[in-house]
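Dear colleague,

I am handing over the structure we spoke about, and I would be grateful if you would look through it with the notes below at hand.

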Amino acid sequence: MELSAAQALWEPSTVYLNTASYGLPPRPAFEALSTALDDWRHGRTSWEIWGHSTESSRALFADLMGTNVDDIAIGTTVSEFTGMIANSLPAGAEVVVPDMEFTSNLFPYFTHTDRGVTVKTVPTSDVAEAIGPSTTAVAFSAVQSSSGEVADLDAIEKAAAEHDVLTIVDATQGCGWLPMDATRFDFLVVHGYKWLMSPRGTAFLYVSPQLRDRIRPVSAGWYAGEDVHSSYYGPPLRLAESARRFDRSPAWFSWVGTQPSLELIGSVGVEVINEHNVRLANLFREKMNLGPGNSAIVSVEMPDASTDLERLGIQAASRAGNLRVSFHIYNTEADVDALFDAIAP
Ligand SMILES: Cc1ncc(COP(=O)(O)O)c(C=O)c1O
């Protein structure tokens with residue numbers, strides 16, 4: 001679908017520049033969710049119908065990230081997946097993490113300090129250099145959530161390969177607009193409620209097939225069974241061979257709202273969305289006399305501006321003392337103009 005045609009599927013009643021907080025659903029996602037809620041209310045269907053959305057979403061996400069569907073687990077948050085990975089790190093492991101990392105990819109490692117896990121925090125720009133012979137894992141965001149800085153994926157991947165270091169990437173702020181190949185990394189985790197424009201409660205984990213046996217599926221339940229429907233009761237343990245063994249039981253309604261958004265992103269294409277989002281971000285940067293960037297998120301030194309903007313019908317965020325604006329598929333040049341007119345001195 002053409003991006004301009006896709007834009008007709010959103011009806012924001014504000015100038016919405018806050019996808020880095022949560023994304024807006026396209027009409028098919030909202031309608032699918034509304035129908036499911038109505039069916040739930042009136043007892044019109046069995047849950048298996050909602051379950052199909054979970055499996056379709058898994059396949060659509062695998063396509064988006066260039067992976068095999070067998071390497072994708074589904075869950076509800078980033079932190080539960082990073083927590084599971086942290087739990088499987090050996091005692092005494094050293095984890096390198098950027099000092100401004102979103103805590104869902106930081107706190108889980110700190111919770112293992114009692115068994116000798118150390119967390120070495122460094123400035124985002126120094127992550128690749130900080131990887132050395134004593135490093136076990138590097139955990140970082142593909143796109144930093146407050147500044148929008150895109151990590152130097154090539155440099156980190158290279159340094160990690162040189163020292164045989166595990167790579168744990170949080171792509172929550174990139175997946176949906178930044179073209180990425182998950183198979184370059186050992187683990188890649190994404191929550192869908194921002195750039196994948198899904199309800200909160202749908203997260204994905206890519207696990208490199210070589211590492212599947214090194215991760216303990218600590219939260220396995222019926223949905224992680226090889227055959228879900230014969231895994232309701234009793235022993236023995238019969239987990240899926242694939243990365244489904246790391247699944248959390250699905251939050252049904254959230255998945256119903258996720259599938260149509262993933263379909264739409266796949267149909268428009270991440271490269272096209274990237275070009276659109278970064279172009280709008282750079283139009284705004286130009287107006288603000290900032291050099292061009294490579295991100296859909298722009299952060300400017302205007303500490304309290306988001307509250308004033310909200311009064312003018314413009315949704316943005318305050319993060320790390322700055323104004324943060326983010327541009328996605330449904331934004332237009334008119335939004336950039338409205339923002340600039342509102343904050344221009
Ligand atoms: C980079 C990043 N990761 C993860 C999350 C959400 O984490 P969780 O799924 O643990 O709530 C956010 C939310 O702002 C984020 O910006």
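What follows goes from the chain as a whole to one helix and then to a few loop residues.

Please keep in mind throughout that this is a predicted model. The protein chain is made up of 11 helices and 12 strands, and its C-alpha atoms occupy a box of roughly 65 × 55 × 30 Å along the principal axes. For 345 residues, a compact globule would be expected to have a radius of gyration near 20 Å, and the 21 Å found for the protein chain agrees with that. Of the 345 residues, 54% are buried, and among the contacts with a separation of 6 or more, 70% join residues 24 or more positions apart. The surface that the protein chain exposes comes to about 14900 Å², with carbon and sulfur atoms supplying 52% of it. As for charge, there are 23 positive and 43 negative charges, and the mean positions of these two sets lie 6 Å apart.

The helix I looked at is H9, residues 270-287, whose 18 residues should span 26 Å at 1.5 Å a residue, and whose end C-alpha atoms are indeed 26 Å apart. Its buried residues are Val-270, Ile-273, Asn-274, His-276, Asn-277, Val-278, Leu-280, Ala-281, Asn-282 and Phe-284. In reading that list it may help to recall that an α-helix has 3.6 residues a turn, so residues three or four places apart point the same way. The cover over the buried residues of H9 includes helices H1 (3-6), H3 (48-64), H8 and H11 (333-343), together with strands E9 (297-300) and E12 (322-326).

Just after H9 comes Asn-289, with a positive phi of about 60°. This residue belongs to the loop between H9 and E9, and it is exposed, its relative accessible area being 71%. A second positive phi in a residue other than glycine, near 50°, is found at Ala-320, which sits in the loop between strand E11 (317-319) and E12 and counts as exposed at 58% relative accessibility. I mention these angles because most residues other than glycine have a negative phi, and most peptide bonds are trans. On the latter point, the peptide bond from Pro-235 to Pro-236 is cis, with omega near 0°, and Pro-236 is found in the loop between E8 and H8.

Gly-225 also lies in that loop, which runs between strand E8 (203-207) and helix H8 (252-268). Is Gly-225 buried or exposed? With a relative accessible area of 4%, Gly-225 falls under the 20% cut-off and is therefore buried. Setting aside neighbours within four places in sequence, Gly-225 is in contact with Ser-231, Arg-238, Leu-239, Ala-240 and Arg-244. The C-alpha atoms of Gly-225 and Arg-245 are 6.5 Å apart in space, although 20 residues separate the two in sequence.

The last residue to report is Ser-145, in the loop between strand E5 (137-141) and helix H7 (153-162). Ser-145 is buried as well, at a relative accessible area of 14%, and, not counting residues up to four places away in sequence, it touches Phe-102, Gln-173, Ile-297 and Arg-324.

With best wishes

Definitions and conventions: Residues are numbered from 1 along each chain as its sequence is written. This is a predicted model: local features need pLDDT of at least 70, side-chain atom pairs count only at pLDDT 80 or more; totals for chains, interfaces and linings use all residues. Side-chain values use heavy atoms; hydrogens and water are left out. Helices (H or I, at least four residues) and strands (E, at least two) are DSSP runs, numbered from the N terminus. The radius of gyration is taken over C-alpha atoms; the globule rule is 2.2 Å times the number of residues to the power 0.38. Buried means under 20% relative accessible area, exposed over 50%, partly exposed in between (1.4 Å probe, protein chains only). Contact means heavy atoms within 4.5 Å. Accessible areas come from the Shrake-Rupley method with a 1.4 Å probe; for residues, only the protein chains shown count as cover. Lys and Arg count as positive and Asp and Glu as negative; His and the chain ends are not counted. The place of a charge is taken as NZ of Lys, CZ of Arg, CG of Asp or CD of Glu. The expected span of a helix is 1.5 Å times one less than its number of residues.
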